[in-house]
Amino acid sequence: MKSSDKLAGHTFEELSDYLDRDRSPADPSIDGSPECEIALRGMERLRNTQRALLKKDVELESEREDSWVSTILQAISIEARAGRDIPISHPSSTARLSVTEGAVRGILRAAGDSIPNIIVGRCRLDGDVSEPGAPVTVRVDATVLEGEIIPSLVVALREALYVALHQHTELAVEAVDITIRDLYQPVPPRAKASSDE
Amino acid sequence: MPNTPTRAPLASPLESFPDQTLADRAADGDIRAFEVLVRRYGPLMRVYASRVLGSNDEMDDVVQESFITAWQQLPTLENGAAVKSWLMRIVSRKSVDRLRARRHHVDIDLTDAPAPERHSPHRLAEAESQTEALTRVLADLPEDQRRCWMLRELAECSYGDIAEELELPVSTVRGLLARARKTLLQEMEEWR
Amino acid sequence: MSDAPAPEKVTPDPAPESPLPRQLDELVLAVPGVDALYSAAPLVATVVASVVASAVEAVTGQPKSNSSVSVSEKKTGLEIAVKIGVTAPYAAIDVSRRVHDAITEQLDQNGSPAATEIAVTVARID
């Protein structure tokens, strides 16, 4: 009944672990044992059954009308990401005009998105942005499509970021630092199971 | 947002962005990037919640709470590439909280799932779906084993992530997982 | 008028002039480039609220509306706060200035007390 009691000197735990390591590095004392093989196959069968059920259920969930998505989106707010207030000047003494740091990060992303094959990730404004005229350095992370000529994309991105900053803020931008973090490959739209199968 | 369309914009390039970029942008306040994450992992999270709770009744609430927490805490996520496992850990936590609250509410002092009944009730319902059967077998597992197994098999968390989430040493996680698998395997042979 | 909301007074007939915050809501939304209005949580008002509640009520015509533009009254005059979203081809700098100017003009037309501060925050640019 308990096929797993004698497993060629291995514990069930070792086999379970071995399975999760994708049987790598190969252990001949496990691979060569019929008892171990039975236990491993059992666990694989269990995993495959579970995955098939999960896949089916997730697909069913994906097909549902997505009012639940809008409910979630309505419940979150941009307030949480407003950041600092960046002043905008006005001749009137009654005016206290500003644009939030969060809004500025938004236009930096949008500016980046206007350039094909480069994706802007994190954006940071370093410096005392709430002090008019204080020097500010803009730091942006980006990912570039594999095979693209990086320097020319970076030039185009920097230009677009300057234009956007100039249009919407009065920040004294000293530098725009762009870090290419990674390359990306053209991804098929359905990027679901990212891990190994 | 005022002009968010109810249907997903089909051609949005965001949909093909890697997790890391989406998580980074959402951390910076990009609601559209967050929406893509919601659509990408929401269905899995919903299934996860319904498996833990054994019903769909509270699934919507739990998943919604999970995403609201995620939105608030995203800026603290150091590695955006790990956003899936991070989200799954949140939904796991929220589901278990809900389950405990429910038990507490019902006022039955179950310290854990009901003791496994040895006469194998799973065979009784031949007509039940495999999902239901698996859910029932899982329900018979001790809670720590079940959580471990689900975090590994459904959420695809690493041993390290599971250990962190359950506040256990990795060696304990390994042991719990093996025990869960062993039991499930035995049970599965019974309803096969 | 007392601090406590009087239960017997159930919303009187709509005044010929709509209450100030709501009037400003409409005004701000009509400024080219403004595509959204967010609730401008009054920064100071929460502290001063209880003190000036009646004064504000007198000016605005209602105690606490669900208007997005926030109007509060201090001894020196009105303090107005607006939080907006700006749509793409427009520049945040220009739009925020225009919103300020439109409000100033409207207060002038209304014959309302002058504002001592008009805070316009651009919270989103699309």
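**Questions on a predicted two-chain model**

Colleague: Where in chain A is the place of Asp22(A)?
Modeller: The model is predicted, and everything said here should be read with that in mind. Asp22(A) has a phi near 55°, which is a positive value in a residue other than glycine. Most residues other than glycine have a negative phi. The place of Asp22(A) is in the loop between H1 and H2 of chain A.

Colleague: Is Asp22(A) buried or exposed?
Modeller: A residue counts as exposed if 12 or fewer other C-beta atoms lie within 10 Å of its own. Asp22(A) has 8 C-beta neighbours inside 10 Å, and therefore it counts as exposed.

Colleague: How is Arg23(A) classed, given its 13 other C-beta atoms within 10 Å?
Modeller: Arg23(A) has its place in the loop between H1 and H2 of chain A, and its phi, near 55°, is a positive value in a residue other than glycine. A residue is exposed at 12 or fewer such atoms and buried at 20 or more, with partly exposed in between. Because Arg23(A) has 13 of them within 10 Å, the class is partly exposed.

Colleague: Which residue is joined to Ser24(A) by a cis peptide bond?
Modeller: Most peptide bonds are trans. The bond that follows Ser24(A) is cis, with omega about -5°. The partner is found in the loop between helix H1 (12-20) and helix H2 (28-31) of chain A, and its name is Pro25(A).

Colleague: Why is chain A called more spread out than a compact globule, and what is its radius of gyration?
Modeller: The secondary structure of chain A comes to 6 helices and 5 strands, which follow the pattern α-α-α-α-β-β-α-β-β-α-β along the sequence. For 197 residues the globule rule gives 16 Å, and the value for chain A is well over this, so the chain is more spread out than a compact globule; its radius of gyration is 27 Å.

Colleague: How far apart do the C-alpha centres of the two domains of chain A lie?
Modeller: Chain A is divided into domain 1 (1-76) and domain 2 (81-184), and its C-alpha atoms fill a box of roughly 90 × 40 × 30 Å along the principal axes. Between the C-alpha centres of domain 1 and domain 2 of chain A the distance is 45 Å.

Colleague: Which strands are the edge strands of the open sheet in chain A?
Modeller: The sheet has 3 strands in the order E3-E4-E5, with mixed pairing. An edge strand pairs on one side only, and in this sheet of chain A that description fits strand E3 (118-126) and strand E5 (172-184).

Colleague: Which helix of chain A packs on this sheet by touching E3, E4 and E5?
Modeller: E3(A) and strand E4 (residues 135-145) of chain A pair in the antiparallel sense over 7 bridges. Helix H5 (residues 101-113) of chain A packs on the sheet and touches E3 and E4. The helix that touches E3, E4 and E5 of chain A has a direction that makes about 140° with that of E5(A), and this is helix H6 (residues 150-168).

Colleague: How many residues of chain A are in contact with chain B?
Modeller: On the side of chain B, 43 residues take part, and their partners in chain A number 44.

Colleague: How many of the 9 residues of H1(B) are buried?
Modeller: Helix H1 (19-27) of chain B is one of the helices that supply at least two residues of the side touching chain A. Among its buried residues are Asp19(B), Leu22(B) and Arg25(B). H1(B) is largely enclosed by the rest of the structure, because the number of its residues that are buried is 9 of the 9.

Definitions and conventions
Residues are numbered from 1 along each chain as its sequence is written. Chains are lettered from A and ligands numbered from 1 in the order in which they are written. This is a predicted model: local features need pLDDT of at least 70, side-chain atom pairs count only at pLDDT 80 or more; totals for chains, interfaces and linings use all residues. Two residues are in contact if their C-beta atoms, placed from the backbone, lie within 7 Å. Helices (H or I, at least four residues) and strands (E, at least two) are DSSP runs, numbered from the N terminus. The radius of gyration is taken over C-alpha atoms; the globule rule is 2.2 Å times the number of residues to the power 0.38. Domain bounds come from an automatic or database domain assignment. Two strands pair if DSSP finds at least two bridges between them. Axes are lines fitted to C-alpha atoms, for helices over the stretch in contact, and angles run from 0 to 180 degrees between N-to-C directions.
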